[in-house]
Amino acid sequence: MVNTAASPSTPTTISADALATMADTINERWAGDFLTHLQKMVRIPAVSPSFAPEWAADGHLDAIVEYAADWLNAQGDPDLTVTISRLPGQTPLLIATLPGSTPDAKNVLLYGHLDKQPGGGGWTATSGPWEPLVKDGYLYGRGSADDVYALFAMWGAIVAAKASGADYPSTTLLLEASEESSSCDLPDHIDALADIIGQPDLVVCLDAFTPNYERLWSTSSLRGIVVMDVTVSILSATTHSGDAGSIVPSPFRIMRQLFDRIEDSSTGEILLPELTVELPDGAAEIIDQMSDSGLDFPTADFPMLENITPDHVDLRTQFLKRAWTSSVTYAGMDGFPSSRQAASVILPSITTRLSVRIPPTLDPQAAAAALTAAFETSPPSNAQVTVDVIAAEAGFSALPLSDKLAAAVQSASQRNYGKPSANFAAGVTIPFVGMLGRRFPAANVLTIGALGPDSNPHSPNEALNLDAAARITRAVSEILVTGF
Ligand SMILES: [Zn+2]
């Protein structure tokens, strides 16, 4: 018999019986206690700290982290160590560790989060964000898919891996409570827990978007973001535009000229060379895969009005530009009255909030510095221009997985979805992925999730596709036992 486990690029073989046991274990748990407890956790309004300044007094974040810890402890695994990390003024974080089947087992870090977006209004599928409802294969409720399901996906993957009879790696379950606030408290917890976490060989992030449920999509890159306020000041007081127009420069006109320094206003192309990058090896192939994989135009996802022409009309270009180029949006303006209140005057000073997405491999501090210099250097009409950088978050570009892990991911996708896995180069920013990738540079990083196009994250009617949850749990379980 050929021992395929010895090959560096072939997943460890497990028997059909073991696979069936794993699948049954996971399917039963998802149809049973996982679903029951996830519904109870939907009821906890554990809103992330950015949206809930009184979170410490409210106690909901503590409540959901304690619920998860109690539930894990109740699983009765004598080797499982569950700890709630608490740091002054910070949200709690749950960490649980379970040794692998052998002393030299590899080390896997599984990431998820228990904090949630605010409930918001407009819910129609269920009576409100904190009222779980199972209907037509979905669990509706805030946090169901983003990202409380991850607790059960992690645990189901581990339990099934142990039930398979195959060797399994050491696992660390990390569930934070500040993800929807840019993971503001995660770095300090990771520092405090460095000895417990050690050096993972694989980090599995269970909080990503999946463009469909047809295969196991893994997010290969994410853009970074720079947020800044640009203020143009011309006058010390509001002035009559009949008197002053044609003489006093309009601050809006100056602002337009400043924007023209960074962006081609007819195409939306970013003009600063400092905000562009060379595509790393493999990036173009991932874009090709995306375009050839049957994915629809991203354009179809956006509620554009009839006959609006998108910035790019070709599918591959849309994927490429969204993943690997900078784009700016003018997200807010201060200094203007509402149009109904507006008099015919020249305003003394106006401010624009810019949100600039930057390519995955670009240093966000360098991007912020280039933008600041573009605005502040020799302003038109000697206007007073000030720039206030609000945030500068790096993106992330994953290195290719080790050959054996990549092969295990392919097999897990093929078995559980009927199609091979594929990479997805995303346009969004998920700060914790880059943070973990930089913190553990030797680790393989696999960023996957059950948040599909019908999940409505951050919106009314958030829903977990229960079949997708069970599938991703089975896939992770198989990767644990076949990937090392
Ligand atoms: Zn999330």
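Two strands are taken to pair if DSSP finds at least two bridges between them. The exercises below apply to a predicted model.

**Exercise 1. The antiparallel sheet**

Determine the strand order of the sheet that contains strand 4, strand 5 and strand 18, and state which residue stands opposite valine 134.

*Solution.* Begin with the order, which is 4-5-18 in an open sheet of 3 strands with antiparallel pairing. Strand 4 (133-135) and strand 18 (463-465) stand at the edges with a single partner strand each, so one side of each has no neighbour in the sheet. From one strand to the next, the twist averages 20 degrees. Then turn to the pairing of strand 4 with strand 5 (residues 138-140): these strands run antiparallel and are joined by 3 bridges, which satisfies the requirement of at least two. Within strand 5, the residue opposite valine 134 is leucine 139.

**Exercise 2. Helices on that sheet**

Find which strands helix 5 lies across and which strands helix 15 touches, and give the angle of each helix to strand 18.

*Solution.* Helix 5 lies across strand 5 and strand 18, and runs at about 55 degrees to strand 18. Helix 15 also packs on the sheet, where it touches strand 5 and strand 18, and its direction makes about 55 degrees with that of strand 18.

**Exercise 3. Two contacts of helix 1**

Describe how helix 1 packs against helix 5 and against helix 15, giving geometry, handedness and residue classes.

*Solution.* Two packed helices are described by the angle between their axes and the distance between the axes. For helix 1 (residues 16-31) and helix 5 (residues 144-163), the axes come within 8 Å and cross at roughly 145 degrees, and the crossing is right-handed. Helix 1 contributes Thr21, Met22, Thr25, Ile26, Arg29 and Trp30 to this contact, while helix 5 contributes Gly156, Val159, Ala160 and Ala163. Sorted by class, these are 6 nonpolar, 3 polar and 1 charged residues.

For helix 1 and helix 15 (residues 466-482), the angle is about 145 degrees and the axes lie 10 Å apart, again in a right-handed crossing. Here the residues of helix 1 are Met22, Ala23, Ile26, Asn27 and Trp30, and those of helix 15 include Leu466, Ala469, Ala470 and Thr473. This contact divides into 7 nonpolar, 3 polar and 2 charged residues. Comparing the two lists, Met22, Ile26 and Trp30 of helix 1 take part in both contacts.

**Exercise 4. The mixed sheet and the domain boundary**

Locate strand 8 and strand 15 in their sheet, and relate them to the contact between the two domains.

*Solution.* The sheet is open, with 3 strands in the order 15-8-16 and mixed pairing; strand 15 and strand 16 (422-425) are its edge strands. Strand 8 and strand 16 are parallel and share 4 bridges, and serine 218 stands opposite asparagine 423 of strand 16. Helix 10 (residues 283-292) packs on this sheet, touching strand 8 and strand 16, at about 105 degrees to the direction of strand 16.

Next, consider the domains, which the assignment gives as domain 1 (4-222 + 395-482) and domain 2 (224-276 + 325-393). Their C-alpha centres lie 40 Å apart, and 9 residues of domain 1 are in contact with 8 residues of domain 2. On the side of domain 1 that touches domain 2, strand 8 (217-222) and strand 15 (396-397) are the elements that give two or more residues. That side has 3 nonpolar, 6 polar and no charged residues.

How values were computed: Residues numbered from 1 in each chain as written. Predicted model: local features only at pLDDT ≥ 70, side-chain atom pairs only at ≥ 80, totals over all residues. Axes fitted to C-alpha atoms, helices over the stretch in contact; angles between N-to-C directions. Left-handed = near helix turned anticlockwise from the far one by under 90°. Contact = placed C-beta atoms within 7 Å. Nonpolar A, V, L, I, M, F, W, Y, C, P; charged D, E, K, R; others polar. Domains from an automatic or database assignment.
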